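Dear colleague,

Please find below the structure I agreed to pass on to you. My notes on it follow directly after.

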Amino acid sequence: MALLIKGSHGVLSPAPYNPPQVSPGLWASATLFTITTTTNTVRFVPFVDQPLPVQYEKIIQQPVYSVASVFSVRAAPASFTIPLRTVDNITVTIKLRPGVSVGCQIRLKNLIRSELKIKPGENVTFTFTCSTPEKYFIMEIQKNIDCVSGPCPFGDVHLYPLGLPRLNKTFIWDVKASTKAGLELKFSTPWLRQIEPGETCPDFVSYDINSCIDTATVNIGTFCRNGSVSRVKLLGGVVMSLHLPWNSPLTTSGFSIANRASIKRLCIIESILNRESSVTLMSPNYPLGFPEDELMTWQFVVPSNMRASVFFHNYSLSNCERKEERVEYYIPGSPSNPEVFKLSDSQPANIAGSFNLSLQGCDQDAQNPGILRLLFQVVIQHPQVDENVTHLVDLSKEWNTTVTIHFEGWPNRIPLMSEPICLICKDPRTCNRVLTLVSGAVYKISFLCKDLSRLRITAEKGISCVDLRWCQRKIYSLLVPKAITQLPIRLQKFMWKLLAPDPISIEVMSPSLKLQQHVPEQRCNTSYSYSIVSAAPETELNVGVFCPGGSIEKIQMRNNITISLKTFGKGFLNESNHQDLKMSFVPHIKDECTFTVSPDPRAKVYLQTPDWPYGLPPYVSMSWYITVPSKQVARLGFSKDRMGITCETGRAYVNIKEETLGAEETVRREDELLPKPRNMYHNFWVNISNCKPADKTQLTLQFWVTFADKQIDLGVILAVVAGAGVLMAIGLTVCCVKKKKKKSQNPMVGVYNANVNTQLPGKQGLFTKGRKNNESHVYAVIDDAMVYGHLLKESNGSITPEVDVYRPFDGPVGSLPPSPPPFSFRKDIKRSSNTEEPPPLMDTDHDTYTFAHQKSGQSEDNGDTNEKNNGDMSMSLLENKEQDGLVE
């Protein structure tokens, strides 16, 4: 017959054809419905598994037969008959899936129910009221086997009964056996793989193995197919469960049951490892806890030409009253079998051939038993060609140093179990993925690794100072020890943690190579760099990234710092021989950080504030001291016009000042334009101090310095010579006049000039005699015209002068001259409308003086005219008050 009718959901073919893909839970038989045409009556069944009712379309193939009409059909639900023999001792239960609403029911004759239980000896026929019962129901098939009172049906275990509905099924075999005999579950290939609780198998086919001793049940583990576990031997009974999804094609159980002699322990798990691989196994009842005072064993079958290593990844110990929890190894050929280890020990590695591993519990504290559990990994690999090659690591002369050899990505990344493993060995049997060496010892290490490029070295060294009198004379070299650079492993990071108490600061220097700051316009291209982080009391300041070959001679930091050397590529092995980074402890500095810069006269140097690009922390002050060669002139410029912040509390300043007598100080606040590029003829300071910003924007500044030769012509030279002669003549005249007036005049007032920095960074002992022995602090003469401190009060007389006023010195004399207050903190204090002053900004000296600044000469500003009245003190206090009309 040539008639074919195709529906929108499938194809109808003439009976009695019954396709194998048809679900028995949906279609009851081959004859479901009939279609009457004008010439014949034909029976049809659906070709594919589709829900009904279905509206079918007419498709007529040649020879043409006309269909009487368009039709709609509904198939009758399939019926199932499950006969259970009494001798099989099998019970079948069909019940709703947990958490699923009732959308389908079971029809048993004329009764509707949501659960059906078929007992041994019963023959039941039923149907479902829906076409997709697998969405609503699950099935349990339990077989009870009594090996105590009768013979055991040993051998392969079959899935019975047949012809069951396509539902998620759990087959359960409950085997009762005496503890005097052992049962063995033997699995056919591809064997089993243990998984953690909550983990699912890729094909959703899983096995649960439980040991039953008397009334106690212990979960041996959950397993997937495709693994290394070939046999499980148990003491006493066992409850074996096989979980199958509704669409699984599996038709066999995949295991057999055998009888064995008593094993005198909870269980033995056999794992066959015949190729390079790794397996993960867990103790019974993991992670809830291994039974009290129990013993179990894992047997690993390994070819004699392979090597095995054991790693404990997760374990915990119970509280023992008697005995001690431990693991024992039986290794063929070992002179000390069994080898006993604590769970906290490094486990044996590089084991040749098969071996056993046993876990022994203890008698636990009844009040607080604790939990004993273990998850471990066994790695199998071929012997390495260079496994007998040892490398000497001599750390006997190092102090406070640790060296860690580890896999790439440690400690943030955990290697996948399938990844090739690299092991570091302290001796042939003590190997691990991570090995830590400490100073004061000599090590002989070897590697079990095919690719050493996957290994890294991270090292750390601590240097501290408690008493400055002892440690300030010592210079420490921050060099990577030769013992590390000689290893065939790439050094990833070497950290120096420099610790100093509050009154001590730290100075880092690079005398020969100097340092270059890594900035976008001036990137480091060396094989290594230094990252410097300062640990302030309440915040961490990332000073920056630096590499050798720049212009920064030294960096002084007020707080503890961490310097991290990071390497890039293999070039460090050659460049490591030329390192010259050093550090020392120095007296306390006021700024958070101070840089001393000696630029190359032929290069353009870029410098930027720390914590780039996030900005300086609030109330932090930084200084740069830039040296200018005598025959050069420096050009200083900023990379942007403004600071770009708004202050909530305090003010932010940029201060620029040349280190020469009478030099004016250029000051800019956060609400003003930054100075335009200018020439600097002497060594100069750049100070940047931050306020507390009012918004998320932080203070980030970058400036640059270039050099050019000074241009001096013949006319200037002649003018200088002529001027010198005139000054000499005037000087002689003044000397003569002074001699005549010497007896009648009052002593002159000495003027302390705050513009002169009395202490260069890192320069100690400028005065050859101590201040107790010289007269650097004594003022020989006092000029009456300069003693006007009482005029500096406000009109109401309630506020004392802002600047320091001379007072007699009546305290102890130190070994260094007093330093003037930091110029970056003296400006515009009265102008600020904020009453809250940030604590870090006020550093006061006990020696107070009147500061009178001489007016500068021809200092070049290149159009920058807003300096004198911006909080600057470029004229004497008396001159300031005279302009205000306070002096008659």
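**Loops, backbone exceptions and cores**

Pro411 sits in the loop that runs between β35 (401–407) and β36 (423–427). The peptide bond between Trp410 and Pro411 is cis, with omega at about 0 degrees. Please bear in mind that this is a predicted model.

A further cis peptide bond links Asn337 to Pro338, where omega is about -10 degrees. Pro338 belongs to the loop between β28 (326–330) and β29 (339–341). As general background, most peptide bonds are trans, and most residues other than glycine have a negative phi.

Two residues deserve mention with regard to phi. Phe204, although not a glycine, has a positive phi of about 65 degrees. Phe204 is located in the loop between β17 (192–195) and β18 (206–213), and its relative accessible area of 55% makes it exposed. Asn226, also not a glycine, has a positive phi of about 70 degrees. Asn226 is placed in the loop between β19 (216–225) and β20 (229–235); because its relative accessibility is 54%, Asn226 counts as exposed.

Turning to the interior, the largest nonpolar core holds 83 residues, and Ile563, Phe585 and Trp624 are the ones that touch the most other members. Leaving aside residues up to four places away in sequence, the contacts of Trp624 include Phe595, Val597, Leu607, Phe684, Trp685 and Phe703, as well as the polar-named Gln608 and Thr609. A second core, separate from this one, has 79 residues, among them Val92, Cys104, Val229 and Met240.

With kind regards

Technical notes
Residues numbered from 1 in each chain as written. Predicted model: local features only at pLDDT ≥ 70, side-chain atom pairs only at ≥ 80, totals over all residues. Heavy atoms only, no water. Core = buried A, V, L, I, M, F, W, Y, C linked by side-chain atoms within 4.5 Å. Buried < 20%, exposed > 50% of the residue type's maximum accessible area, 1.4 Å probe, protein only. Contact = heavy atoms within 4.5 Å. Helix = DSSP H or I, 4+ residues; strand = E, 2+ residues; numbered from the N terminus.
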